[in-house]
Amino acid sequence: MITLPEFLDGTTPHCGPNTAHLFDSTHPDQQAKARAICAACPLRAACADHALTTPEEHGTWGGLAAQDRRRLLDPTDRSWLDTQGRVRLPCGTLNALGAHHRYGETCDTCEAAQEARTLAQRRTLLAAAHAAGGTVAGAAIHRRIGEPVCLPCRAAEARRSAVARETRRLGAQQRELATAS
């Protein structure tokens with residue numbers, strides 16, 4: 001005989017035999033459908049609490065898939081549940097920024113951290129351009145980060161411009177010769 005969990009206090013959950021396959025699935029689309037059913041269920045919070053304290057190893061419970069519950073139970077992971085039962089990541093991480101965007105939110109902490117990550121990546125690319133003696137891409141990076149273009153990168157742009165001018169000049173000469181023949 002199956003013993004029903006305590007949180008089933010007579011309130012009818014929104015899940016049932018017709019949707020049971022969604023709650024046992026590991027497919028992301030079906031898990032998303034199960035989460036959507038859980039979102040409106042009056043037992044969502046109690047069901048999620050049950051799954052976290054029992055712990056249930058499989059399926060979606062209270063809007064939490066098994067990987068969500070593992071993350072919440074991991075003492076080294078700083079994830080948490082918001083008031084809507086969604087697993088949230090620590091602000092300042094790229095994944096947290098993605099979650100904010102998915103939920104239509106803005107977060108100054110996540111945006112600032114992303115700007116810092118982007119600037120660090122651009123500085124790394126700029127260092128490589130400088131190690132190569134200056135490049136056109138390095139000049140573009142200087143401008144993108146809002147600083148004056150250094151002499152080696154400016155020289156690389158000048159060389160490229162000179163080559164482009166010479167190529168256009170030679171092309172024009174070839175067209176003149178072709179039309180003269």
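Guide: Welcome! Let us start with the cysteines. A disulfide is a pair of cysteine sulfur atoms within 2.5 Å. By this rule, the count in this predicted model comes to zero disulfides.

Visitor: What keeps Cys41 out of a disulfide?

Guide: The nearest cysteine sulfur to that of Cys41 belongs to Cys15, and it is 6.1 Å away. A disulfide needs the two sulfur atoms within 2.5 Å, so Cys41 is in no disulfide.

Visitor: And why is there no bond between Cys107 and Cys91?

Guide: The closest cysteine sulfur to that of Cys107 is in Cys91, at 3.7 Å. Set against the cut-off of 2.5 Å, that is too far for a bond.

Visitor: How do you know whether Cys41 and Cys107 are buried or exposed?

Guide: Buried means under 20% relative accessible area. Cys41 has 13%, so Cys41 is buried. Cys107 has 11%, so the same word applies to Cys107.

Visitor: What about Cys47: where is it, and is it buried or exposed?

Guide: Cys47 sits in helix 3, which covers residues 44–53. Its relative accessibility is 13%, under the 20% limit, so Cys47 counts as buried. Beyond its neighbours within four places in sequence, Cys47 is in contact with Phe7, Trp61 and Gly62. Gly62 is 15 residues from Cys47 along the chain, with 4.7 Å between their C-alpha atoms.

Visitor: Thr60 is in a loop. Which word fits Thr60, buried or exposed, and why?

Guide: The loop in question runs between helix 3 and helix 4 (66–73). With a relative accessible area of 6%, Thr60 falls under 20%, and therefore Thr60 is buried. Leaving out residues up to four places away in sequence, Thr60 touches Phe23, Gln31, Ala34, Cys38, Ala65 and Arg69.

Visitor: What makes Lys33 buried or exposed?

Guide: Exposed means over 50%. Lys33 has a relative accessible area of 53%, so Lys33 is exposed. Lys33 belongs to helix 2, residues 28–39. From Lys33 to Ala132 there are 99 residues in sequence and 52 Å in space, C-alpha to C-alpha.

Visitor: Why is His130 called partly exposed?

Guide: At 36%, His130 is neither under 20% nor over 50%, so partly exposed is the term. His130 lies in helix 6, residues 108–131. Not counting residues up to four places away, His130 touches His142, Cys150 and Cys153. The C-alpha atoms of His130 and Cys150 are 9.1 Å apart, with the two positions 20 residues apart in sequence.

Visitor: Stepping back, what is the order of helices and strands in the protein chain?

Guide: The protein chain has eight helices and two strands, in the pattern α-α-α-α-β-β-α-α-α-α along the sequence. The radius of gyration is 29 Å, whereas the globule rule gives 16 Å for 181 residues, so the protein chain is more spread out than a compact globule. Along its principal axes, the C-alpha trace spans about 95 × 40 × 25 Å.

Visitor: How many of the residues are buried, as a percentage?

Guide: Buried residues make up 31% of the 181 in the protein chain. The accessible surface comes to about 12,200 Å², with 57% of it belonging to carbon and sulfur atoms.

Definitions and conventions:
Residues numbered from 1 in each chain as written. Predicted model: local features only at pLDDT ≥ 70, side-chain atom pairs only at ≥ 80, totals over all residues. Heavy atoms only, no water. Helix = DSSP H or I, 4+ residues; strand = E, 2+ residues; numbered from the N terminus. Rg over C-alpha atoms; globule rule 2.2 N^0.38 Å. Buried < 20%, exposed > 50% of the residue type's maximum accessible area, 1.4 Å probe, protein only. Areas by Shrake-Rupley, 256 points an atom, 1.4 Å probe, with all protein chains shown as cover. Contact = heavy atoms within 4.5 Å.
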